[in-house]
Amino acid sequence: MYERMAEPYRIKMVEKIRLIPKEERERKIAEVGYNQFGLKAEDIFIDLLTDSGTGAMSDYQWAGIMLGDESYAGSRNFYNLQETVEDIIGYKYFVPTHQGRGAENVLFPILIKEGQYVLGNMHFDTTKAHIELKGGRAVNLIIDDAFETQKEHPFKGNFDIDKLVHFIEDKGPEKCAFILITVTCNSAGGQPVSMENIKKVKKVADKYGIRVFFDAARFAENAYFIKKREKGYENKSIKEIAREMFEYGDGLTMSAKKDGIVNIGGMIAIKDDEELFEKVRQSIIPIEGFPTYGGLSGRDMEALSRGLREVVEESYLQARIGQVEYLAKLLDEAGVPVQKPTGGHAVFVDAKKMLPHIPYHQFPAQSLCVELYKEAGVRGVEIGSFLLGRDPDTGEQLESPLELLRLTIPRRVYTNNHMDVVAEALINISKRKDQLKGYEFEYEPKVLRHFIARLKPIE
């Protein structure tokens with residue numbers, strides 16, 4: 001349990017939001033094919049779609065924006081960011097990208113050969129898509145406890161080491177492009193990975209000659225959980241824990257729109273492999289831009305440099321993760337099933353348990369997502385079979401082991417009063433949950449379908 005505390009900041013500016021009438025909400029969600037991504041932001045009351053780029057920047061970050069050096073090459077903001085990355089992450093080589101997908105798009109073709117596997121704890125949707133678009137196959141090797149939402153386990157993002165070893169020995173090390181440790185593990189419910197598990201993964205990787213990379217979008221939140229839940233780290237700083245985590249990797253990709261607390265930005269960082277870094281530098285120019293800006297303006301790089309220093313402050317993390325836990329506690333006490341223990345960036349409602357009458361191929365979590373918008377103007381997102389998609393070989397709909405409604409809380413944006421509204425809405429829905437229906441496709445894109453698909457209710 002986390003000790004409740006006041007937010008370690010004061011509010012200096014606000015943005016007006018409004019709740020449109022229910023009849024209008026029902027009409028608007030139908031018009032966009034029951035896909036919350038199609039809604040206009042102005043028609044959302046509380047937006048919990050994602051924590052990616054939706055956080056509120058500090059006065060320190062906004063002040064940095066005024067110091068933006070927009071030189072095409074050699075911007076001083078790049079060197080400020082480079083210094084910050086080396087200080088907090090500890091890696092020698094670094095290039096900025098416009099976001100995490102840009103980083104994956106540059107790095108993955110260098111690392112993956114046609115038909116190779118990328119071994120992860122649990123890959124997120126866009127990462128899986130980038131792996132497959134580059135000719136690889138994404139393999140999830142997370143512990144089984146991650147799929148039991150009501151079971152308490154402090155590190156549900158952990159790799160199953162036995163599964164990892166068995167897969168490598170079965171397929172052969174040469175068929176494994178690299179191991180990707182996602183911290184925290186978004187698809188499993190924002191669940192952290194322990195330092196002990198990271199060390200074990202690195203030991204296996206070294207034995208078989210396989211490189212280890214991090215998907216480091218929420219590295220500071222993962223470090224905070226290690227501090228609070230893993231013996232021997234209670235007296236270490238977040239920065240010290242993060243530095244140790246990254247010691248066990250060869251490099252990372254990062255969507256800095258999460259723990260960078262910025263609206264746009266990402267990076268590739270390489271520990272000490274100069275040859276790999278040179279390949280990255282050459283590849284980034286035609287895809288993202290010159291290596292000292294990589295798709296970002298100088299002012300964006302300065303905001304990111306400052307955000308990375310703020311995110312490792314323990315008081316910030318205590319308040320941020322405490323708010324996530326606050327919402328989870330309200331739902332759990334009312335009997336709404338959520339992934340336990342609470343993860344770092346979102347509350348994940350177990351739609352499979354809440355709506356057992358809706359089969360996976362009719363997308364129970366999407367049904368809950370639609371109903372939440374109708375009920376209270378709250379936009380969440382489905383993390384389940386709708387997101388998972390089809391088998392790339394057979395075209396069959398894959399069944400996700402988890403059917404989750406993700407309530408993703410932006411950083412430093414909403415108060416606990418907003419969380420009360422979200423909880424009340426879901427509690428109201430739970431009282432009539434048997435009335436909810438599943439959905440089927442009206443239009444289905446081939447890649448990352450959940451972003452632009454259109455659905456219709458099954459009558």
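**Close-ups of a two-domain model**

**View 1. Polar contacts where domain 1 meets domain 2.** Across the interface of domain 1 and domain 2, 23 residue pairs turn up in polar contact, both partners having pLDDT 80 or more. Keep in mind that this is a predicted model. On the domain 1 side, the elements that put two or more residues against domain 2 are helix H12 (314–333), strand S9 (346–350), helix H15 (385–388) and strand S12 (404–408). H12 supplies the largest share of that side, with six residues. Sort the domain 1 residues that touch domain 2 by type and you get 16 nonpolar, seven polar and ten charged.

**View 2. How the two domains are laid out.** Domain 1 comes in two pieces of chain, 22–51 + 314–457, while domain 2 covers 59–312. Their C-alpha centres sit 26 Å apart. To the contact, domain 1 gives 33 residues and domain 2 gives 43.

**View 3. What gets covered up at the interface.** Domain 1 and domain 2 bury about 3100 Å² between them, and 56% of that is on carbon and sulfur atoms. Which domain 1 residues lose the most area to domain 2? They are Glu 314, Leu 317 and Pro 341, together making up 18% of what the domain 1 side buries.

**View 4. Charge pairs between the domains.** Side chains of opposite charge can pair when their charged atoms come close. Eight salt bridges are found across the interface of domain 1 and domain 2. In the pair formed by Asp 393 and Arg 137, the closest N and O atoms are 3.0 Å apart.

**View 5. Asp 47 and Arg 379, a salt bridge between distant parts of the chain.** The whole structure holds 36 salt bridges. Asp 47 and Arg 379 form one, with their closest N and O atoms 2.7 Å apart. The two partners are 332 residues apart, Asp 47 in strand S1 (residues 46–47) and Arg 379 in strand S10 (residues 378–379).

**View 6. Two cis peptide bonds, at Val 183–Thr 184 and at Lys 340–Pro 341.** Most residues other than glycine have a negative phi, and most peptide bonds are trans. Val 183 and Thr 184, though, are joined by a cis bond with omega about -20°. Thr 184 is in the loop between strand S5 (176–182) and helix H7 (195–208). The other cis bond shown here joins Lys 340 to Pro 341, with omega about -15°. Pro 341 is found in the loop between H12 and S9, and it is also one of the residues of domain 1 that lose the most area to domain 2.

**View 7. An odd backbone angle at Arg 412.** Arg 412 isn't a glycine, yet its phi is positive, about 60°. Where does Arg 412 lie? In the loop between S12 and helix H16 (416–430).

**View 8. The span annotated in UniProt.** An unreviewed UniProt entry lists residues 47–424 as "domain: Aromatic amino acid beta-eliminating lyase/threonine aldolase". In the model, that span is 44% helix and 13% strand. The end C-alpha atoms of residues 47–424 lie 15 Å apart.

Definitions and conventions. Residues numbered from 1 in each chain as written. Predicted model: local features only at pLDDT ≥ 70, side-chain atom pairs only at ≥ 80, totals over all residues. Heavy atoms only, no water. Domains from an automatic or database assignment. Contact = heavy atoms within 4.5 Å. Buried area = accessible area lost by both parts, 1.4 Å probe. Salt bridge = Lys/Arg side-chain N within 4 Å of Asp/Glu carboxyl O. Polar contact = N/O pair within 3.5 Å; in protein donor to acceptor, adjacent residues only side chain to side chain. Helix = DSSP H or I, 4+ residues; strand = E, 2+ residues; numbered from the N terminus. Nonpolar A, V, L, I, M, F, W, Y, C, P; charged D, E, K, R; others polar. UniProt positions renumbered as here; feature names shortened; annotations may be inferred.
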